Amino acid sequence: MPHDKSAVLPIAYVLLRILIIFNWLYGAAILGLLAFTFVNEPWFMRAIDVPPGTDAQPIMIGLRVIALLGILAVPLNHLILTRLLRMAETVGRGDPFVAANAYRLNAIAWALMALQLLSIVIGAIGKSIASKEFPLHLDAGFSVSGWLAVILTFVLARVFAEGTLMREDLEGTI
Amino acid sequence: MPISVKLDDLLHQRRMTLTELAEKIDITLANLSILKTGKARAIRFSTLEAICEVMNCQPGDLLEFVPGPSAD
């Protein structure tokens, strides 16, 4: 569909490049925040509204670990976005059914799985430090749709690999 | 490769060039050249049929099994 090719691909290129930059900015922001918790801990406690009389140390440690795990997500996001960008480029060149794309999709699937695991750990830490006095609602934890996306990507990577082999066979057929 | 393509010998016997054969069976010279040099991974029945018809030969005249290591 020439219309789709002309409209969707340039948007995807731009969007993916913007997301790559945003991902690093997000990482830098979390790193800055994490550093600031060490520089000015009392200010940070007031900022996140830790009620007086609550043992702040476990909350502080939990939030720092969550921030650290958030930073770990940055290279994983980068891997996903850059692989996706390379795949979009092969679509633009009119030759997406190559073995490299199957490997890229497989790498994306592993990264998505790692992100889901991170999300579960973050969700568990969030629950463990949350209390009536300090309610903490994080958008993290086990996600059915997230794990479905992981399975779907692994399957698609396999489909891509098989499709590439079939195309190679077809290309050598006279 | 265990399957050897004897197109060169057949062309020589029929006093025919690869270009003439390509025109007669409506296959590009590049593809026929791939077949002749044994670089093809597979041959369609329709191609085999067209070559046999033009060259007046049997598939066995074109292909030969030579025991040896496989390309895969």
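The following paragraphs describe the nonpolar cores, the largest pocket, the contact between two chains and two loop residues in a predicted model.

Because the model is predicted, local features were accepted at pLDDT of at least 70 and side-chain atom pairs at pLDDT 80 or more, whereas totals for chains, interfaces and linings use all residues, and side-chain values rest on heavy atoms, with hydrogens and water left out. Residues are numbered from 1 along each chain as its sequence is written, and chains are lettered from A and ligands numbered from 1 in the order in which they are written.

The largest nonpolar core (a set of buried Ala, Val, Leu, Ile, Met, Phe, Trp, Tyr and Cys residues joined through side-chain atoms within 4.5 Å; buried means under 20% relative accessible area, exposed over 50% and partly exposed in between, with a 1.4 Å probe and protein chains only) holds 25 residues, of which A:Val50, A:Leu105, A:Leu115 and A:Leu118 touch the most other members. Two or more residues each are given to this core by helices H2 (41–47), H3 (56–92), H4 (99–129) and H5 (144–171) of chain A, helices being DSSP runs of H or I with at least four residues, numbered from the N terminus. The largest share, 10 residues, comes from H3(A). When residues up to four places away in sequence are not counted, A:Leu118 touches A:Leu69, A:Leu72, A:Ala73 and A:Leu76, contact meaning heavy atoms within 4.5 Å.

The lining of the largest pocket comprises 10 nonpolar, 1 polar and 1 charged residues, with Ala, Val, Leu, Ile, Met, Phe, Trp, Tyr, Cys and Pro counted as nonpolar, Asp, Glu, Lys and Arg as charged, and the others, Gly among them, as polar. Among the lining residues are A:Thr37, A:Phe44, A:Arg64 and A:Phe134.

Chain A brings 5 residues to the contact and chain B brings 9 residues. The area buried between chain A and chain B (the accessible area, with a 1.4 Å probe, that two parts lose on being put together, summed over both) is about 670 Å², and carbon and sulfur atoms give 55% of this area. Of the area that chain A buries against chain B, 80% is supplied by A:Gly172, A:Thr173 and A:Ile174, more than by any other three residues.

In chain B, B:Asp26, in the loop between helix H2 (18–25) and helix H3 (29–36), has a positive phi near 55° although not a glycine, and is exposed at a relative accessible area of 71%. B:Asn56, in the loop between helix H4 (45–55) and helix H5 (59–62), likewise has a positive phi, of about 55°, and is exposed at 67% relative accessibility.

Methods:
On a 1 Å grid over the protein atoms alone, a cavity is a set of points where a 1.4 Å probe fits but cannot get out, and a pocket is an open set with protein on both sides within 12 Å along at least five of seven lines; lining residues have an atom within 4 Å of a point.
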